[in-house]
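Colleague: I am new to this structure and would love a close look at its aromatic pairs and what surrounds them. Could you walk me through that part?

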Amino acid sequence: MADLATHIGTVPMTVLASTSAINRGYRVTLASDGTVSASAIGVRGDFVTTGDIAASGYGAATPLNGAQKVDAFASEAVSVGDAAYSAASGAFSKTSTNAVLVGKWVQAAAANTLGVVLLETVA
C-alpha cells in the first residue's frame, strides 16, 4: 500500500515489449510496430515501466507526459531536488550532457537502484 500512496494519481497502461526484456523504472519509447523498447539518452520516451516486462511480453507502464511520480532507475547516485535527465538504455540520471529533462528527483537513490521522479509535463 505504501507504494500506491507514493504514486497516487498515476495512470498505468498496458504495453508490449520488443524482443528485449525491460525492468521496472525504465523509460521506453513506442515503436511503429506497437512495441516498446528502452529509450536512448537523448530521447525523453513515451512511458516508464511500472514492473518488469519479459521479452515480447505485456506489462504496465505510466505515460511520461504528466505531473506524476514514477519509480525511476538511477544510473548514478542522485539526491532529492536534483533535476532528472534521460540516461542511456532507458535509465534516469542527474547529468544533462546529451540528455533531455524528464523531471525532478523526489526520492534519493544510489547508483543502479530505484528512486522516485516527479515528471515534468511537456507542452
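**The aromatic pairs and their surroundings**

Modeller: Let us begin with two rings: Y26 is buried, and F73 is buried as well (buried means under 20% relative accessible area, exposed over 50%, and partly exposed in between, with a 1.4 Å probe and protein chains only). Please keep in mind that this is a predicted model, where local features need pLDDT of at least 70, side-chain atom pairs count only at pLDDT 80 or more, and totals for chains, interfaces and linings use all residues. Residues are numbered from 1 along each chain as its sequence is written, and side-chain values use heavy atoms, with hydrogens and water left out.

The structure has 2 aromatic pairs. Rings of Phe, Tyr and Trp (its six-membered ring) pair if their centres lie within 6.5 Å; planes under 30 degrees apart count as stacked, over 60 as edge-to-face and the rest as tilted. Y26 and F73 are a stacked pair, because their ring centres are 4.8 Å apart and their planes meet at 20°. Since Y26 belongs to the loop between β1 and β2 (27-30) and F73 to strand β6, this pair ties together parts that are 47 residues apart in sequence. Strands here are DSSP runs (E, at least two residues), numbered from the N terminus.

Now for the other pair: F92 and W105 have ring centres 6.3 Å apart and planes at 75°, so they are edge-to-face. F92 is in strand β8 (residues 92-93) and W105 in strand β9 (residues 101-107), so to speak distant parts of the chain, 13 residues apart. Both of these residues, F92 and W105, are buried. F92 has a further neighbour, as the charged end of R27 sits over its ring, 5.9 Å from the centre (this calls for NZ of Lys or CZ of Arg within 6 Å of the ring centre and within 35 degrees of the ring normal).

To place all this, look at the barrel: 5 strands close into it in the order β1-β3-β2-β4-β5, with mixed pairing (two strands pair if DSSP finds at least two bridges between them). Strand β1 (residues 13-17) runs antiparallel to strand β5 (residues 58-63), with 4 bridges. Along that pairing, M13 has A61 as its bridge partner, and L16 has Y58. On β1 there is also a parallel pairing with strand β3 (residues 35-38), over 2 bridges, where L16 stands opposite T35.
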